[in-house]
Amino acid sequence: MRKLLLATTAIAFGYSAAAPAFAEFNDRNIRVSNGINEDHPVGNGIKAMQACLDQKSGGKLKLTAFWGGALGGDLQATQALRSGVQEAVVTSSSPLVGIIPALGVFDLPFLFANAQEAYTVLDGDFGDMMNEKLEAAGLVNLAYWENGFRNLSNSVRPVTKWEDFEGMKVRVMQNNIFLDTFQNLGANATPMAFGEVFSALETKAIDAQENPYVTIDTSKFFEVQKYVTETNHAYTPFLFLFSKPIFDSYTPEEQAALRECAVVGRDEERKVIQDLNKKSLEKIKEAGLEVNTLSAEEQARIREKSMVVYEKHKAEIGAEVVDAILAKLEEIRK
């Protein structure tokens, strides 16, 4: 009997020793709103993040993604996070400028020369500084994912220098920084809803538009355009935002797992979107479009030309934010 009791105690002790691995995790259903569709690289990131969470939480932390704005637009979802009625959203920075003006820094033209520059800035001290501003607004940014670089397509001529923009009718988002950027380069910047762009290009109501390669491909803009220039004129991050009121109610172990797994998801999403951009660019070339890349010298020249846009919007973004990102980029480029 004593041996049986000892054996039972040993087994029980074994289970109790193993149990603490997941003891600090609760069963949680985390709703994640997205404006994009599930076949976007964010979908790959969500899957990688979930696999990581399964491993760390023993399957207790579950992400439930709602695609295509099913829970409302990005701004509406972000406000729901601030109110503590929804857990998470993956959103680009641009729609949130009204809440956190400092996010306008990512709309500044020709800011990053390449993706690695963007990653170094976002994943470092500057990204941390921006995260503090987000937390002050009731939002926890778990990681910076990628929306990507925007590039120019047009039906007029190849763009090899900023003077080539002269007189070109370019569709831009309804965003004052984008409007000022293209007007400063001599273009006729025309705000227009995205759904109207294809027909406007087809009828020559506009000459040009600017979007990531994946969008140029999937929207079939290559059917009504002749030239594509890799301008990399704007890089937009996605932010994986979590409701601060809800996040603060989670255990430290749950919080750490969400942060760590959001980085795993980030790395996968960035990899997939980079691969997809390369494939989209190949499809654009196969469609017969003439593709060129702005030289590093011309990038620097256009960036210098665009400094008037930085100065114009510096006060509304925050002088300390603009100065900090420019100082960081100067350090990187040395």
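**Exercise 1. How many nonpolar, polar and charged residues does the lining of the second largest pocket have, by class?**

Solution.
- Note that the model is predicted.
- Begin with the volume: the second largest pocket holds about 300 Å³.
- Next, find its centre. Of the 15 lining residues, Phe149, Tyr213, Glu230, Gln274 and Asn277 are the closest to it.
- Then look at the elements. β4, β8 and α11 are those that give two or more residues to this lining.
- Now sort by class. The lining of the second largest pocket has six nonpolar, six polar and three charged residues.

**Exercise 2. Describe the largest pocket: its volume, its centre and its lining.**

Solution.
- The volume of the largest pocket is about 920 Å³.
- Its lining has 30 residues, and the closest to the centre are Ile36, His40, Asn147, Thr215 and Phe238.
- Six elements are to be located here: α3 (41-57), β3 (88-92), β4, α9 (213-218), β8 and α11 each supply at least two lining residues.
- Which element gives the most? It is α11, with four residues.
- By class, the lining of the largest pocket divides into twelve nonpolar, 14 polar and four charged residues.

**Exercise 3. Decide whether strand β4 is largely enclosed or not, and find its partners.**

Solution.
- Locate β4 at residues 139-154.
- Use the cut-off: a residue is buried when its relative accessible area is under 20%.
- In β4, 15 of the 16 residues are buried, so the rest of the structure largely encloses this strand.
- Turn to the pairing. Twelve bridges link β4 with strand β8 (residues 227-243), in the antiparallel sense.
- One place to look is Leu139, which stands opposite Ser243 in β8.
- Strand β7 (residues 208-211) also pairs with β4, through four bridges, and the two run antiparallel.
- Here Asn151 has Asn211 of β7 as its bridge partner.

**Exercise 4. Check the lengths of helices α3 and α11 against the expected span.**

Solution.
- Take α3. It has 17 residues.
- The expected span is 1.5 Å times one less than the number of residues.
- For α3 this should give 24 Å, and the end C-alpha atoms are 24 Å apart, so the two values agree.
- Repeat for α11, residues 252-286, with 35 residues.
- The expected span is 51 Å; the end C-alpha atoms lie 51 Å apart, so this helix agrees too.
- Look past the ends. Gly58 follows α3 and has a positive phi, near 65 degrees.
- Gly288, just after α11, also takes a positive phi, of about 100 degrees.
- Last, list the buried residues of α3. Among them are Pro41, Val42, Gly43, Gly45 and Ile46.
- Further along α3, the buried residues include Ala48, Met49, Gln50, Cys52, Leu53 and Ser57.

**Exercise 5. Find the largest cavity and say which element gives the largest share of its lining.**

Solution.
- Count first: the structure holds one cavity of 30 Å³ or more.
- The space in the largest cavity is about 40 Å³.
- Its lining consists of Asp107, Pro109, Phe178, Thr181, Phe182, His233 and Ala234.
- Assign elements: α7 (176-184) and β8 are those that give two or more of these residues.
- The largest share comes from α7, with three residues.
- By class, the lining of the largest cavity has four nonpolar, two polar and one charged residues.

Key
Residues are numbered from 1 along each chain as its sequence is written. This is a predicted model: local features need pLDDT of at least 70, side-chain atom pairs count only at pLDDT 80 or more; totals for chains, interfaces and linings use all residues. Side-chain values use heavy atoms; hydrogens and water are left out. Buried means under 20% relative accessible area, exposed over 50%, partly exposed in between (1.4 Å probe, protein chains only). Two strands pair if DSSP finds at least two bridges between them. On a 1 Å grid over the protein atoms alone, a cavity is a set of points where a 1.4 Å probe fits but cannot get out, and a pocket is an open set with protein on both sides within 12 Å along at least five of seven lines; lining residues have an atom within 4 Å of a point. Grid points are joined across faces, edges and corners, and a volume is the space filled by probe spheres set on the points. Ala, Val, Leu, Ile, Met, Phe, Trp, Tyr, Cys and Pro count as nonpolar, Asp, Glu, Lys and Arg as charged, and the others, Gly among them, as polar.
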